[in-house]
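Subject: The structure for you to look through

Hello,

Here is the structure I promised to pass on to you, and I would ask you to open it before reading further. My notes on it follow underneath.

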Protein chains: 2
Amino acid sequence: MVTPPSLFRTSLFAVLMIVVSSCVPSRNTESADILTIQRQGSMLVGGTVKTSPGRFDPIAHGAFDPANASTAGQTLHGDHAFVFYQVPVNPRPLPLVFWHGYGQSMKTWQTTPDGREGFQTLFLRRRYPVYLLDQPGRGLAGRTTRPGSYAAATDDQRWFGIFRLGEGTTFYPGVQFSQAPVALDQFYRQMTPDTGPLDIDVNVAAVSALFDTIGPAVLVTHSHSGGQGWLAVLRNDNIRAIASFEPGSNFVFPEGEVPESIDYVGGRLNARGVPMDTFRRLTEIPIVIYYGDYIPDEPVENPGQDQWRAAVIMARRWAETVNRHGGDVTLIRLPELGLHGNTHFPMSDLNNTAVARLLADWLAEKNLD
Amino acid sequence: MVTPPSLFRTSLFAVLMIVVSSCVPSRNTESADILTIQRQGSMLVGGTVKTSPGRFDPIAHGAFDPANASTAGQTLHGDHAFVFYQVPVNPRPLPLVFWHGYGQSMKTWQTTPDGREGFQTLFLRRRYPVYLLDQPGRGLAGRTTRPGSYAAATDDQRWFGIFRLGEGTTFYPGVQFSQAPVALDQFYRQMTPDTGPLDIDVNVAAVSALFDTIGPAVLVTHSHSGGQGWLAVLRNDNIRAIASFEPGSNFVFPEGEVPESIDYVGGRLNARGVPMDTFRRLTEIPIVIYYGDYIPDEPVENPGQDQWRAAVIMARRWAETVNRHGGDVTLIRLPELGLHGNTHFPMSDLNNTAVARLLADWLAEKNLD
């Protein structure tokens, strides 16, 4: 390909060229290729143990008999995270650890709602060891140490809006989501409730325990795990980089530099302050943040859009703050790179191979591959 | 190996020789071999949709704002099962579908508590397409249509007994469970609660939907899914065989031939009756049932053992009944084949490769491979 050298004067153009090449339909050979796995498995990581006083009598209280149950002298192991991992043949040195968002699970990174490969398999094909998390109280890490309840409330359409597929029950024009009814059915069903109170400190502790176990790796977060990811970095040096898809809350600033809250329709986005010595850790690793489409720059009445307007504003302030203190945060709005129609789930949208390529290129650029 | 031909006069001895050869420590090459996966992924199967009357207003009620929540006009997709599948290169024709037991999830078939390969990977190595289920309300299939609660009760030691690792907190002598503390820690943490009421009919419908989707396959059940498996066979012709590890309840007999209930310490095991026309379906497929060790033949005071005494008695009656009507049920007590020390979880016990080999041999014997 012959390209005038002048086109490469701005890095923006260089990035655009990468995106354009990413948008070429992926060769069928990609999905037809055989996955070669060196090892795979699952484990529970972190967690606590709750103990009831007294003595357990296995004869008197050992039966599965609700009428005669006793907790005396027994323990409950809970508050752990669950991880399923796969290590390909000839792996790259740094694994990718994928952490889901609110109401979601490791499913976020598996097969897309319309049945294509998700980031789990796409990045295995790119020779990354891949770890998929369920945070404490979610999915396969359901056993927590505090009681919880599930309301079974009808709320699919609210999530349709917050996850930016559209407004009400109408898809946004050009949205990167299959219009086949089965895709929306799968999307709704992949939500899964908490079994106990959602506790950020518990979650961060468990995810940190994973990095203690596996060593240096890159953390990939989504939505609610974005802010939890910043907190995890503060306590674990094995997190060598973060790629964050649509972080929504818990942005961490140095005390004295915490920006004002941002009001949006139906809520308020607050920032967190930590001592400067703690904050500096966030300046030591490369970080990239991605936001999709349908996020307005000015306030709108639709809460499903307006909360993400607030998130982008806060993320921009945060990126500026971290970078001002010597950090390396890149904030990318996918439409600015020519990727249009992305929902809150770029990792499973119809153009997710292009999004994966963007992430892979960033990892290469930062020598994380 | 030279063996007197007379030794092979009884099939029992033939089986014993298979078991003896199974007990040779597995070569390290087995776990060092590369897994070659043709495709893998996950999906939600079956389920229902709950709808609230009224009209959803995305502007008024679209925010994530508990104080202003409204369910009007919204849906809830729930009561589905979750499945993660892997299809190896050069697959055998019939997939294996693995269904967990009470309080468990697909984790049952993944990495063992002491960190070895579980049936998921062992059977992939044997070239079976492998499907791992989470039934409705469990694990990654948490979204159900009815409310539920989780008590976070301390009950680890009760399960230690019911799952036959030992009595109280003391392991049974010779138990096939690692004495390394981390193994028991992992074992306790792999339990995960229900998010809604446990409903056998809902579960069977969702699992049946999976067989509608994937076509003919072999169902492998454990404990509580054993009985659910018999019910699933009654409604789905794609279930071509069942291997059931330690089924505990819901044995299905023809009306008029339902045996008396069996009392055990802390409970009573009832049998179910169905019309003969329905029952006959159970006679049309090969079925094998496995029970482990520490199951007494006479009543004992320890409820963790006594409930399995009742299960074995009922299973034996059931096998006799199905076979009398032309069926093909084999009931195996592992100690009788020389496999000692098995808990309620033979698929993850220390000798699980020998147990896997037994199952593989049965599949071959029944031309299911």
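Helices α7(B) and α8(B) lie oblique to each other, and that word follows from the angle, because angles that are neither under 35 degrees, nor over 145, nor from 65 to 115 count as oblique, and the axes of these two helices cross at roughly 55°. Please keep in mind throughout that this is a predicted model. In chain B, helix α7 covers residues 200–214 and helix α8 covers residues 224–235, and their axes come within 9 Å. The crossing in which α7(B) passes α8(B) is right-handed. On the side of α7(B), the residues that make the contact are I200(B), N203(B), V204(B), V207(B) and S208(B), while α8(B) brings Q228(B), L231(B), A232(B) and R235(B). Sorted by class, the residues of this contact are five nonpolar, three polar and one charged.

If you turn to chain A, you can look at the corresponding pair of helices, α7 (residues 200–214) and α8 (residues 224–235), which pack at an angle of about 55° with their axes 9 Å apart. That angle makes α7(A) oblique to α8(A), and here too the crossing is right-handed. From α7(A), the residues I200(A), N203(A), V204(A), V207(A) and S208(A) meet Q228(A), L231(A), A232(A) and R235(A) of α8(A), and this contact divides into five nonpolar residues, three polar ones and one charged one.

How do the two chains relate to each other as wholes? A turn of 180°, with a shift of 0.0 Å along the axis, lays chain B on chain A with an RMSD of 0.0 Å. This is the relation of a two-fold axis. Both copies use the same surface, since 100% of the contact residues of chain B recur in chain A.

The contact between the chains takes 77 residues from chain B and 77 residues from chain A. On the side of chain B that touches chain A, several elements each supply at least two residues, among them β1 (35–45), α5 (156–162), α6 (181–189) and α10 (303–324). The element that gives the most to this side is β1(B), with nine residues. By class, the side of chain B that touches chain A holds 24 nonpolar, 41 polar and 12 charged residues.

Finally, a few words on chain A as a whole, whose secondary structure comes to 11 helices and 17 strands. Its radius of gyration is 22 Å, close to the 21 Å that the globule rule gives for 369 residues, so chain A is as compact as a globular protein of that length. Taken along the principal axes, the C-alpha atoms of chain A fill a box of roughly 85 × 50 × 45 Å.

With best wishes

Notes
Residues are numbered from 1 along each chain as its sequence is written. Chains are lettered from A and ligands numbered from 1 in the order in which they are written. This is a predicted model: local features need pLDDT of at least 70, side-chain atom pairs count only at pLDDT 80 or more; totals for chains, interfaces and linings use all residues. Copies are superposed by least squares on the C-alpha atoms of residues with pLDDT of at least 70 in both. Two residues are in contact if their C-beta atoms, placed from the backbone, lie within 7 Å. Axes are lines fitted to C-alpha atoms, for helices over the stretch in contact, and angles run from 0 to 180 degrees between N-to-C directions. Helices (H or I, at least four residues) and strands (E, at least two) are DSSP runs, numbered from the N terminus. A crossing is left-handed if the near helix is turned anticlockwise from the far one by less than a right angle, and right-handed if clockwise. Ala, Val, Leu, Ile, Met, Phe, Trp, Tyr, Cys and Pro count as nonpolar, Asp, Glu, Lys and Arg as charged, and the others, Gly among them, as polar. The radius of gyration is taken over C-alpha atoms; the globule rule is 2.2 Å times the number of residues to the power 0.38.
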